[in-house]
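Dear colleague,

I am handing over the structure we spoke about, with the sequence alongside. Please have it open while you read the notes that follow.

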Amino acid sequence: DLTAKLRAEGFDVWVIDDVPQPVLAASVVGYPLDPSRVYGVHNSTDGARMGAGILKPVPTRGGKAEALQSKLGRPADLVLGRDTADFELLSHGEGLRIVFDRDVELVRRAVKRGWLVQPSLTR
C-alpha cells in the first residue's frame, strides 16, 4: 500500500537490498513497482548460466548508496531503513530518513541525526 501511495504522489520508488537479485525480484512481484526499480546482488554470467562472481556495486552497507547513485544519479529524497546495514544509504543525502525501531544501534544513530524512528510494523 505504501508503494502505491508514494507512486501516486510522484515518488520514484526503489527497493535495494543485499539479497540475490532473482530472490528480491520475486519478493516484490505484488508491488506496484517497475522491475527495473529493484536492485539486489547481481551475479556474473558464464554464457547462459549464472556465474560464481558478484558484480559491483554490491548492495550492502555503502554499496546500497553506490547502487542508488549509479542508477538514480542522486541521493534519495526518502529512505526507509531497518538495520545498521542501511546506515550509509540513510546518510547519503539530506531528504527524509525513517528507521524502524528493531535495531538498537541504528535507532541510536537515527536519534543523534534527527531522523524519524518508526515502531516496527512486524515483530
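Gly73, which comes just after helix 3, takes a positive phi of about 85 degrees; please keep in mind throughout that this is a predicted model. Helix 3 itself spans residues 62-72, and its buried residues are Gly63, Lys64, Ala65, Ala67 and Leu68, so that a lysine is listed there beside glycine, alanine and leucine. The cover over these buried residues includes strand 1 (15-20), strand 2 (38-41) and helix 4 (87-91).

Turning to the chain as a whole, the protein has five helices and seven strands, which follow one another from the N terminus in the order α-β-α-β-β-β-α-β-α-β-α-β. Its radius of gyration is 15 Å, close to the 14 Å that the globule rule gives for 123 residues, and the chain is therefore as compact as a globular protein of that length. Along the principal axes, the C-alpha atoms fill a box of roughly 50 × 30 × 30 Å.

As for burial and contacts, 33% of the 123 residues in the protein chain are buried, while, among contacts with a separation of 6 or more, 25% are between residues 24 or more positions apart.

At the surface, the protein chain exposes about 7,800 Å², of which carbon and sulfur atoms supply 54%. The chain carries 17 positive and 16 negative charges, and the mean positions of these two sets are 2 Å apart.

With best regards

Note on methods. Residues numbered from 1 in each chain as written. Predicted model: local features only at pLDDT ≥ 70, side-chain atom pairs only at ≥ 80, totals over all residues. Heavy atoms only, no water. Helix = DSSP H or I, 4+ residues; strand = E, 2+ residues; numbered from the N terminus. Rg over C-alpha atoms; globule rule 2.2 N^0.38 Å. Buried < 20%, exposed > 50% of the residue type's maximum accessible area, 1.4 Å probe, protein only. Contact = heavy atoms within 4.5 Å. Areas by Shrake-Rupley, 256 points an atom, 1.4 Å probe, with all protein chains shown as cover. Lys, Arg positive; Asp, Glu negative; His and termini not counted. Charge placed at Lys NZ, Arg CZ, Asp CG, Glu CD.
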